[in-house]
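Here are some exercises to work through with the model open beside you. Try each task yourself, then follow the solution step by step.

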Amino acid sequence: MEQNFLKEHNAKHVWHPMAHPAEMMANPPKIITEAEGVEVIDVDGRRLIDGVGGLWNVNLGYSCDPIKKAISDQLEKLPYYSIFRGTSTGPTIRLSEELSNWFKEDGLTKAFFTSGGSDSVETSLRLARQYHKIRGDKDRTKFLSLKKGYHGTHFGGASVNGNANFRRNYEPLMQGCFQIASPYTYRNPFDEEDPEKLSAFCIKALEDEINFQGPDTIAAFIMEPVLGAGGVIPPHKSFMPMVRKICDDHGILLIADEIITAFGRTGALTGSRLWGVKPDLMCIAKAITNGYFPFGAVMISSKVSDIFENDKSSFGSISHGYTYSGHPVGAAAALACLPEISKLKVQENAASRGDQLLKILEELKAKFEIIGDVRGQGLMTAMELVSDRKTKKPIDKETAGKVFEGAYNAGVLVRVSGPNVILSPPLIVTAEDVKKIGDALNEGLKLASN
Ligand SMILES: Cc1ncc(COP(=O)(O)O)c(C=O)c1O
């Protein structure tokens, strides 16, 4: 039987991303075979609310028919063509026009297409260096970023990542990348719990690092408007505007890594808009196709695009791109996805359901000692588990895993990453779905607390 075949071969011949191969073989992962609405169905026919939203990307759930139809229609018409110099495709041209309108409010009007988030980060870092080269500012090659930040897994992105887990096994990484403390109130080197004061301290640290490195050696600062994979860290509202100002004062480009935050998850259509900031470059991917097709882009401001487009030297030519840059099927998926996002106003639901979920997490924190901290912004939410609230010692892996198992048995899929339980359900969840997520977490926490 198909089910038995899948179970028998599970994790035997595939190495899973972000996992130890031996551990996966010893504890094979859950097998998801179908999905509908905001639910996934596993190999045993069990229905679960997807508290993870795929991987922060299936914002409109699993039954978005206009996107599915656009993908199949495009496969019939033109399943692939490249947009390297000399050719383009209809969906790519139409999508670039749509995105130019979509991101106008963020000051971003040109697109460079990629095949996913890590590609977008890599592209943004390259374009940032190139921008300075064109302008004759050739020493500006360094990058600054935040500790706890996550910027994907290419060597460039890994080098600006701020989490040892994603760095250590692959070092040495790219030279000239430096991280400063992130505005993470629960743990920070300043022992500061007040978000606004902490934000000011982190900004001081940023200025200090810039002056230490030499402002004229720094190409760009890259940050997530709300840090995601590092454990959901929403900075104080003063933080990103202050970063913008410092970057401007020193001629440093600001790259917003909005792989998670673009398209509504934070409660605003972009994270930059949430904080009232216009970045110079913005990395997007994930929800642009609702996760149905691997696709991404870097959106480019006129400050940057003018320099490239008016260049008369050889430095403006872009010697970078992917076979699947602007894939017509991905572009068609995105073209169908954007109107759905607008029609459903998912950012509004993300804001209200996010508030509801955060309140539930606060209530759980009052009940369970193992919850050290809860954080959230829109439908990016997390609880950080500790074995001792006083010392804030992170919980062990096995206990954290029990939260996953308990919630799973109660019908909800959640994501455990280190000591964090991360919740990022589709943005179309109802109040009832959120309540069910809370109830299942309660079961998971009970299991982990025994
Ligand atoms: C902020 C951020 N940047 C980059 C990436 C990398 O994207 P991908 O996994 O599509 O390469 C991610 C993935 O989660 C992300 O959250």
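**Exercise 1. A residue and its surroundings**

Leaving aside neighbours within four places in sequence, which residues is Val-121 in contact with? Then decide whether Val-121 is buried or exposed.

*Solution.* Keep in mind that this is a predicted model.

Step 1: Find Val-121 in helix H6.

Step 2: Set aside the neighbours within four places in sequence; the contacts of Val-121 are then His-151, Gly-152, His-154, Gly-156, Gly-157, Asp-257 and Cys-283.

Step 3: Count C-beta neighbours. Val-121 has 29 of them inside 10 Å, and a residue is buried if the count is 20 or more. Val-121 is therefore buried.

Step 4: Look at one distance too. Val-121 and Pro-225 are 104 residues apart along the chain, and their C-alpha atoms are separated by 14 Å.

**Exercise 2. Now compare Gln-356**

Work out whether Gln-356 is buried, exposed or partly exposed.

*Solution.* Step 1: Go to helix H13, where Gln-356 has its place.

Step 2: Count again: 18 other C-beta atoms lie within 10 Å of Gln-356. Buried needs 20 or more and exposed needs 12 or fewer, so Gln-356 is partly exposed.

Step 3: List its contacts. Outside the four places on either side in sequence, Gln-356 is in contact with Ala-431 and Val-434.

Step 4: Check a distance. From Gln-356 to Asp-396 is 40 residues in sequence and 28 Å in space, C-alpha to C-alpha.

**Exercise 3. Check the length of a helix**

Test whether the span of helix H9 agrees with 1.5 Å a residue, then find what covers its buried residues.

*Solution.* Step 1: Helix H9 holds twelve residues, 239-250.

Step 2: The expected span is 1.5 Å times one less than the number of residues, which for H9 comes to 16 Å.

Step 3: The end C-alpha atoms of H9 are 17 Å apart, so the two values agree.

Step 4: Pick out the buried residues of H9: Phe-239, Met-240, Met-242, Val-243, Arg-244 and Cys-247. Their cover includes helix H8 (195-213), strand E7 (218-223) and strand E8 (253-257).

Step 5: See what follows H9. Gly-251 comes after this helix, and its phi is positive, near 70 degrees.

For contrast, try helix H1 (residues 2-9): the count of buried residues among its eight residues is zero. H1 is followed by Ala-11, also with a positive phi, near 65 degrees.

**Exercise 4. The shell around the ligand**

How many residues surround the ligand, and which are the closest?

*Solution.* Step 1: There are 14 residues around the ligand, and the closest are Gly-116, Gly-117, Ser-118, Gly-152 and Ile-259.

Step 2: Sort the shell by class: six nonpolar, six polar and two charged residues.

Step 3: Ask which element gives the most. That is helix H6 (residues 117-134), with three residues.

**Exercise 5. The whole chain**

Find out why the chain can be called as compact as a globular protein of its length.

*Solution.* Step 1: Take stock of the secondary structure, which has 15 helices and 16 strands.

Step 2: Compare two values. The radius of gyration is 22 Å, close to the 22 Å that the globule rule gives for 450 residues, so the chain is as compact as a globular protein of that length.

Step 3: Add the share of buried residues, 50% of the 450.

Step 4: Split the chain into domain 1 (31-63 + 345-449) and domain 2 (67-341). Their contact takes 27 residues from domain 1 and 23 residues from domain 2.

Terms used:
Residues are numbered from 1 along each chain as its sequence is written. This is a predicted model: local features need pLDDT of at least 70, side-chain atom pairs count only at pLDDT 80 or more; totals for chains, interfaces and linings use all residues. Helices (H or I, at least four residues) and strands (E, at least two) are DSSP runs, numbered from the N terminus. Two residues are in contact if their C-beta atoms, placed from the backbone, lie within 7 Å. Domain bounds come from an automatic or database domain assignment. The radius of gyration is taken over C-alpha atoms; the globule rule is 2.2 Å times the number of residues to the power 0.38. A residue is near a molecule or strand if its C-beta atom, placed from the backbone, lies within 6 Å of it. Ala, Val, Leu, Ile, Met, Phe, Trp, Tyr, Cys and Pro count as nonpolar, Asp, Glu, Lys and Arg as charged, and the others, Gly among them, as polar.
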